[in-house]
Amino acid sequence: MPKVKFLKNRLLKENIEVDAKGGETVLDVAAERGIPVGSNCGGVCGCSTCHVYVVKGFDSLEEMGDNEADRLDLAFDVRLESRLGCQAEVADEDLVINITEESLKAYLDENPQVRKHLEETGEFKFVPHHHH
Ligand code: FES
């Protein structure tokens, strides 16, 4: 079972490694555990708030399609290892993911209760979303 590791950032206090199933998107893997990845459009390649850097395992991913490439053109701070979390499906290799600042910001905008908790306590709170 491939593992996906999310590197610590200003919201995640430490690296978090989780099991994933092949074919699951990086966004789904994150959302199921409440790991902060934005998803303004609901995962249909209509925004760029799920923008992540795939710092390990990038080559194991299926190549991105035109839709994803067009969306990424509109994202901030795009790098060689950029992907949209809702389009990048876990394959057979482990991945290491660095969530972009753009995506963290979007996540907080989408989850005002998490932002409020963060402002009040300084602690990030995990809120899993279950996709069907
Ligand atoms: S969630 Fe909008 S493009 Fe991925």
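Visitor: What share of the 132 residues counts as buried here, and what makes a residue buried?

Guide: Of the 132 residues of the protein, 30% count as buried. A residue earns the word if 20 or more other C-beta atoms lie within 10 Å of its own; with 12 or fewer it is exposed, in between it is partly exposed, and the C-beta atoms are placed from the backbone. Please keep in mind that this is a predicted model, in which local features need pLDDT of at least 70, side-chain atom pairs count only at pLDDT 80 or more, and totals for chains, interfaces and linings use all residues. Residues are numbered from 1 along each chain as its sequence is written.

Visitor: Why does A30 count as buried?

Guide: A30 has 30 C-beta neighbours inside 10 Å, and the definition asks for 20 or more, so A30 is buried. This residue lies in helix α1. Leaving out residues up to four places away in sequence, A30 touches F6, I35, V37 and G85, where a contact means that the C-beta atoms of two residues, placed from the backbone, lie within 7 Å. The C-alpha atoms of A30 and R83 are separated by 14 Å, and the two residues are 53 apart along the chain.

Visitor: What makes a stretch a helix or a strand, and how many of each are there?

Guide: Both are DSSP runs, numbered from the N terminus: H or I over at least four residues for a helix, E over at least two for a strand. The protein has four helices and five strands, which follow each other as β-β-α-β-α-β-β-α-α from the N terminus.

Visitor: What makes the protein as compact as a globular protein of its length?

Guide: The radius of gyration is 14 Å, close to the 14 Å that the globule rule gives for 132 residues, so the protein is as compact as a globular protein of that length. The radius is taken over C-alpha atoms, and the rule is 2.2 Å times the number of residues to the power 0.38. Along the principal axes, the C-alpha atoms fill a box of roughly 40 × 30 × 30 Å.

Visitor: How do you know that β1 and β5 pair?

Guide: DSSP must find at least two bridges between two strands. β1 and β5 have three bridges, in the parallel sense, so they pass that test. One of the bridges joins K5 to V96 in β5. β3 (residues 51-56) and β5 (residues 95-99) pair too, in the antiparallel sense over four bridges. There, V52 has I99 as its bridge partner, and K56 stands opposite V96.

Visitor: What is the order of the strands in the sheet, and why is one side of β2 and of β4 left without a neighbour?

Guide: The open sheet of five strands runs β2-β1-β5-β3-β4, with mixed pairing. β2 (16-19) and β4 (82-84) stand at the edges with a single partner strand each, so one side of each has no neighbour in the sheet.

Visitor: How do you know that α1 is mostly covered?

Guide: Six of its eight residues are buried, namely V26, L27, D28, V29, A30 and A31. Their cover includes β1, β2, β3 and β5. Helix α1 (residues 26-33) lies across these strands at about 70° to β1 (3-6); such angles run from 0 to 180 degrees between N-to-C directions, with axes fitted to C-alpha atoms, for helices over the stretch in contact.

Visitor: What makes the buried residues of α3 line one face?

Guide: In α3 (residues 101-110), S103, A106 and Y107 are buried. Down the helix axis they fall within an arc of 105°, so they line one face; the arc is that of the directions from the axis to the C-beta atoms. They pack against β3 and β5, while E101 and D109 are exposed on the other side.

Visitor: Which residues have the most contacts inside the largest nonpolar core, and what makes a set of residues such a core?

Guide: The members must be buried Ala, Val, Leu, Ile, Met, Phe, Trp, Tyr or Cys residues, joined through C-beta atoms within 7 Å. The largest core has 23 residues, with the most contacts at V4, V26, L27, A30, V37, V52 and I97. β1, α1, β3, β5 and α3 each give two or more residues to the core, and α1 gives the most, with five.
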